[in-house]
Amino acid sequence: MYPAFMKISRFMAYLGGIMLSALILLTCASVLGRSLNGMLHSDFVEGIAPGFAQLAINLGIGPINGDFELIEAGIAFAIFAFMPLCTLSGGHASVDIFTQGMSERVNRILRLITSLLFAAVFVLIATQLFGGLQTKFRSGQTTFLLEFPLWWAYALSMFAAAVAAVVAVYVAGVRVVETLSGHELLPSETGADH
């Protein structure tokens, strides 16, 4: 099952990367538009080319309307999209200074406890996002500027969080078997390069 979960996790990470790249481009375009708009409104440009300045402003050169709403929704999805690969590859931050001198059995138990906690937290987050999705869907609440339904953002985040929860439950299950059998089944702390 590990190869299948790794494929799913990598696919989610690619989706998160695509989302993050799109958000970076959106931010750059909005900042550039805001800067150009400010320049077009300056006394200098209006003094030497008032017709051009007004034409450019009328064409819509300026910040992207609702950019922060899109960034807020997209970042939430991207964060959850990276979690399955991070969980499966053991890429979460850890402090090894305390565990280096401990026996393999103790480290295995610590990995089990950590995996169980991650699974519980991801299941809780996915469940809460599902509840929020239902509430936002029923209320018909929209964003302030773009007026897109808030449940869209909740649905994207919930999907990614649900995949993260499934992967985390799988990892926790494998860690239980590892602890009981004394044999390592998953690569431990390989990081995202694995």
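Student: Is Tyr 154 buried, partly exposed or exposed?

Tutor: Keep in mind that this is a predicted model. Tyr 154 is found in helix α6, and its relative accessible area is 27%. Buried would need under 20% and exposed over 50%. Because 27% falls in between, Tyr 154 counts as partly exposed.

Student: Which residues is Tyr 154 in contact with, leaving aside neighbours within four places in sequence?

Tutor: Here a contact means heavy atoms within 4.5 Å. With the neighbours within four places set aside, the list for Tyr 154 is Leu 129, Gly 132, Leu 133 and Lys 136.

Student: And how far apart are the C-alpha atoms of Tyr 154 and Ile 48?

Tutor: Along the chain, Tyr 154 and Ile 48 are 106 residues apart. In space, the separation between their C-alpha atoms is 48 Å.

Student: Okay, zooming out: how many helices and strands does the chain have?

Tutor: Walk along from the N terminus and the elements read α-α-α-α-α-α. There are zero strands, and the number of helices is six.

Student: What radius of gyration does the chain have, next to a compact globule of 194 residues?

Tutor: A box around the C-alpha atoms, taken along the principal axes, is roughly 80 × 40 × 30 Å. A compact globule of 194 residues would come out near 16 Å, but for this chain the radius of gyration is 23 Å.

Student: What share of the residues count as buried?

Tutor: The cut-off for buried is under 20% relative accessible area. Out of the 194 residues of the chain, the share that passes is 35%.

Student: Which residues touch the most other members of the largest nonpolar core?

Tutor: That core has 28 residues, and helices α1, α4, α5 and α6 each supply at least two of them. The largest share, 12 residues, comes from α6. As for touching the most other members, the names to remember are Leu 88 and Tyr 170.

Student: So what does Leu 88 touch, not counting residues up to four places away in sequence?

Tutor: Some of the partners have low numbers: Tyr 2, Phe 5, Met 6 and Ser 9. The rest of the list for Leu 88 is Val 167, Tyr 170 and Val 171.

Student: Which residues form the nonpolar patch on the surface?

Tutor: Start with Ile 113, which lies in helix α5, residues 104–139. Ile 113 has 42% relative accessibility, so it counts as partly exposed. The patch has about 470 Å² of accessible area together, and its members are Met 102, Val 106, Ile 109, Leu 110, Ile 113 and Leu 117.

Student: What is the phi of Glu 147 near?

Tutor: Glu 147 sits in the loop between α5 and α6. Its relative accessibility is 55%, so Glu 147 counts as exposed. Phi is positive here, in a residue other than glycine, with a value near 55°.

Student: Last one: is Gly 51 buried or exposed?

Tutor: You'll find Gly 51 in helix α3, residues 50–58. The C-alpha atoms of Gly 51 and Ile 71 are separated by 34 Å, with their positions 20 residues apart along the chain counted as the distance apart. Gly 51 has a relative accessible area of 51%, and the cut-off is over 50%, so Gly 51 is exposed.

Methods
Residues are numbered from 1 along each chain as its sequence is written. This is a predicted model: local features need pLDDT of at least 70, side-chain atom pairs count only at pLDDT 80 or more; totals for chains, interfaces and linings use all residues. Side-chain values use heavy atoms; hydrogens and water are left out. Patches are made of residues with over 30% relative accessible area and no salt bridge: like charges are joined within 9 Å, nonpolar side chains (Val, Leu, Ile, Met, Phe, Trp, Tyr) within 5 Å. Accessible areas come from the Shrake-Rupley method with a 1.4 Å probe; for residues, only the protein chains shown count as cover. A salt bridge is a side-chain nitrogen of Lys or Arg within 4 Å of a carboxyl oxygen of Asp or Glu. Helices (H or I, at least four residues) and strands (E, at least two) are DSSP runs, numbered from the N terminus. Buried means under 20% relative accessible area, exposed over 50%, partly exposed in between (1.4 Å probe, protein chains only). A nonpolar core is a set of buried Ala, Val, Leu, Ile, Met, Phe, Trp, Tyr and Cys residues joined through side-chain atoms within 4.5 Å. The radius of gyration is taken over C-alpha atoms; the globule rule is 2.2 Å times the number of residues to the power 0.38.
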